[in-house]
Amino acid sequence: MAIVKETNSFAFMDYQAIIKDWKQKKFRPLYWLEGDEDFFIDQVVDYAEHHLLAEEEKGFNLTVLYGKDAEWSSVINACRRYPMFADYQVVVLKEAQSMRDLLKLEAYIEQPLSSTIFVVAYKQGKIDGRSKMAKLIKEKGVVLASKKLYDNQVPAWIEAYVSTLGRAISQKASILLSDHIGNDLSRIANELDKLLVNLPADKKIDENDIEKYVGISKEYNVFELQNAVGSKDMAKVMRIIQYFAANPKAGPIQMTIPALYNYFAKVNMVFGVKGGEKEIAGTIGVHPFFVKDYLKAANQYGPRGAEKAILLLHEYNLRSIGINDSGVEDGELMKELMFRILHD
């Protein structure tokens, strides 16, 4: 991934582009990292803290501050120091969103030192774009706008992430992992890093590896349940539900019902899409790999069947948390729900 937007006065870059520039010794005086996806911010901060300076340079030239504890004047004083026995110094401000008087950093950002690399991590939000400081940041430095990925973007991200590590992963394995974990990129990266330690360097990650090292069954998971329900394969549905009942952590009802609800909501959307598979994928927000499954389910259920499934899932979601329910076990509740969706 490369620079998203750049002009003579400011640049928006993604985390990989920033790190690539740093590896090539291309530096700007300010890097402002903001947004609701912590993983991308953490990657840049980690590189700044551990790789921008040689070990022997860090003692005098690396300063790490925390917004909750740091005074604005201390941050500015740290940034205005000159490097010792090095070409530049690095100042990292973590948790900037918690800093009092953050806007007083304007005084430094307006005239930053070229010998200081100032990295600011502003998580779970962003600075007001209308403020003078926001305009100065864009003028003087680089902005990373770190956004959460949509669920349908995660499999492609997994494949790209694994590729940056010099490895490869099958499409089915990436889908299995993303379907189980969701868009928690930090957790996904952690699972992949642990998994790769156990595999030969030339081994492509497949669904067997995900099952063995991450603990996700390649046959008994929510993704396979969706496909079985979508194709009205009652025997397979019941096998998966029985597995979930015996292994509650594999498919807790609190995770399974919302996943099926979202699945049928997308199936229901298919009926309103004009166009082919590409248009369907874009409209309902799924990976193109899945479109045939949604089309199959749409043909199996029709608009009325999809709507009925959504209403049943809403009803049983309430029952799963004790509303209008007499204390039926989760496994039995799921069996009853599946029978009604597939047969009513």
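I looked first at the bend in H15, a helix (a DSSP run of H or I of at least four residues, numbered from the N terminus), and found that H15 bends by about 95° at Gly302, with a proline, Pro303, following within four residues; the bend is the angle between axes fitted to the seven residues ending there and the seven starting there. This is a predicted model, in which local features need pLDDT of at least 70, side-chain atom pairs count only at pLDDT 80 or more, and totals for chains, interfaces and linings use all residues. Residues are numbered from 1 along each chain as its sequence is written, and side-chain values use heavy atoms, with hydrogens and water left out.

I then checked the span of H15 (residues 291-320): its end C-alpha atoms are only 30 Å apart, although a straight helix of its 30 residues would reach 44 Å at 1.5 Å a residue, the expected span being 1.5 Å times one less than the number of residues. Just after H15, I noted a positive phi of about 95° at Gly322.

Next I turned to positive phi outside glycine. Most residues other than glycine have a negative phi. Asp101 has a phi near 55° and lies in the loop between strand E5 (89-94; a strand is a DSSP run of E of at least two residues) and helix H5 (106-110). Lys232, also not a glycine, has a positive phi of about 55°, and I placed Lys232 in the loop between helix H11 (222-230) and helix H12 (234-246). I recorded Asp101 as partly exposed at 41% relative accessible area, and Lys232 as partly exposed at 34% (buried is under 20%, exposed over 50%, partly exposed in between, with a 1.4 Å probe and protein chains only).
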